[in-house]
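Please follow the model below from one of its helices outward, through the helix pairs that pack together, and on to a few individual residues.

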Amino acid sequence: MSSPSPATAANDSHVLRPMTTDLPTSLEKEHREGEVSIRKHPIYYFDDGSLILDVQVERFKLHHALLSRHSRYFSSITLPNQSKGFDLDAKTGHYHVVVEEERGVKPKDVEALLQHFYHDKPLWDNSDFSHVSSLLRITSPQQFDFPQLHTTALRIFETLFPKDPSAFAHKHPLHEALDLAKQFKLDAVRKAVLYSLMTTTEFDTTGEDEGSNDPAVTTPSNPNAAQVNSCPNDPSPTIPTTANVDSNDSTIHPSVGSKNDDGISALTTPDLPLRISKADAAVCMTLMTKIVEHFTPILFTPAATPHMECTDVFADTWMKLVIQPAIDDDGVYKPLETLEKMKSIDWAAHGLCPSCVKEKDEEWTDEQRTVWSLMDKWLGIDTV
Ligand SMILES: [Zn+2]
């Protein structure tokens, strides 16, 4: 898991364990031998809190009773023999939790969780991608294990991605979602993101190792006694080229991070190099090959009609109106967009009869659905 600041990357949160549960009041930050700098969170540090929570360099002070009502992780603090990372301060009676690094918890995700629970920014159907993603991660069994909220976050997350191919004519969802889609086995989301990736980005996998493991998925054993199964263990739907070599957060270009609430526009900015794992790039390449194979004959063959005159219209205009723009726009591997453009051409103005205009519009809409459906086969998944 990447950390938001390079300075935190090498820190081992466990070195904080011997510290007292309260910071010196005169200091906002405490520095130790160039090693650790931990700071009180500017918002979620309540003086009347009963739980100190250290996540990387952020220290939160929260109300244990509130969190433990909903979270298997926090409720397990009070169980016997749950000592890993948990301390009870005898003097204050407060719990002190140092979140283990291998849990992959990010401070910004904790913030999102607290924004929800303290009603600053509740999760709801219109929540933005960044907020939903954070809650999806932080509530998972691998992290803080809020089963009910996790289910809700999963549901909302899925609705952020269109299932209908027509939606992909213009707008594309987030690249960052690929990891979440894989981690939580959301095939429809994964398919949507892969299509977007294939059509909108230059794959950049340079400077990256082979990705021999996937921390996001192989999050270690949960110390909690009660492990829920909202993230099933069944083998993920396989794509031959991915094997188990998946990307992880560290392969995503930092500037495409989820700090940007308006991630969609950021991700469609053409000069942003998006970095994905080699395995994901291979999946995209395979998908692209299949799509080009399928779509090339359709694109390069002028449409036929039952009427000689209408067929002639296509024969005369196909190169100029369809093929050349598609070549200029890499449309051969953007079938959904290219078909949409074909539908938007004013064919009547070029001499096509009304019934042929209608017929072709329906035919190309069907073809969009066909491509979308075939992608399941090409990706080895089942979403349609
Ligand atoms: Zn006609």
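In this predicted model, the buried residues of helix α9 are A279, D280, A281, V283, C284, L287, I291 and F295. An α-helix has 3.6 residues a turn, so residues three or four places apart point the same way, and with that in mind the reader may look at how the buried positions, among them V283, L287, I291 and F295, are placed along α9. The helix itself covers residues 278-300, and its 23 residues reach 31 Å from the first C-alpha to the last, close to the 33 Å expected at 1.5 Å a residue. Its axis is not straight throughout, for α9 bends by about 35° at H294, and a proline, P297, follows within four residues.

Helix α12, which takes in residues 354-379, has 26 residues and spans 38 Å between its first and last C-alpha, close to the 38 Å expected at 1.5 Å a residue. Buried in α12 are C356, E367, Q368, V371, W372, M375, W378 and L379, and just after the helix comes G380, which takes a positive phi of about 70°.

How do α11 and α12 lie relative to each other? Helix α11 (residues 335-344) packs against α12 at an angle of about 175°, the two axes being 9 Å apart, and because an angle over 145 degrees counts as roughly antiparallel, these two helices are roughly antiparallel to each other. On the α11 side the contact is made by P335, L336, L339, M342 and K343, and on the α12 side by D361, W364, E367, Q368 and V371. By class, the residues of this contact divide into six nonpolar, one polar and three charged. Three of the α12 residues in the contact, E367, Q368 and V371, also appear among the buried residues of that helix.

A second helix pair is arranged at another angle: the axes of α3 (residues 107-117) and α4 (residues 129-138) come within 8 Å and cross at roughly 100°, and α3 and α4 are therefore roughly perpendicular to each other. The residues that make the contact are K108, D109, V110, A112, L113 and H116 of α3, together with H131, S134, L135, R137 and I138 of α4. Five of the residues in this contact are nonpolar, three are polar and three are charged.

Within that pair, S134, which is found in α4, deserves a separate look. Is S134 buried or exposed? With 24 C-beta neighbours inside 10 Å, where 20 or more are required, S134 counts as buried. Leaving aside neighbours within four places in sequence, S134 is in contact with K108, D109 and A112, and these are residues that α3 brings to the contact with α4. S134 and E111 are 23 residues apart in sequence, while their C-alpha atoms are 8.7 Å apart in space.

A residue from a strand can be set beside S134, namely F86, which lies in β5 (residues 86-88). With 17 other C-beta atoms within 10 Å, F86 is partly exposed. Not counting residues up to four places away in sequence, F86 touches I77, Y95 and V97, and its C-alpha is separated by 8.5 Å from that of V99, 13 residues apart along the chain.

Finally, the protein as a whole has 12 helices and eight strands. Of its 384 residues, 36% count as buried, and among contacts between residues at least 6 apart in sequence, 67% join residues at least 24 apart.

Technical notes: Residues numbered from 1 in each chain as written. Predicted model: local features only at pLDDT ≥ 70, side-chain atom pairs only at ≥ 80, totals over all residues. Expected span 1.5 Å × (residues − 1). Bend = angle between axes of the 7 residues up to and from the residue. Buried ≥ 20, exposed ≤ 12 C-beta atoms within 10 Å, placed from the backbone. Axes fitted to C-alpha atoms, helices over the stretch in contact; angles between N-to-C directions. Parallel < 35°, antiparallel > 145°, perpendicular 65-115°, else oblique. Contact = placed C-beta atoms within 7 Å. Nonpolar A, V, L, I, M, F, W, Y, C, P; charged D, E, K, R; others polar.
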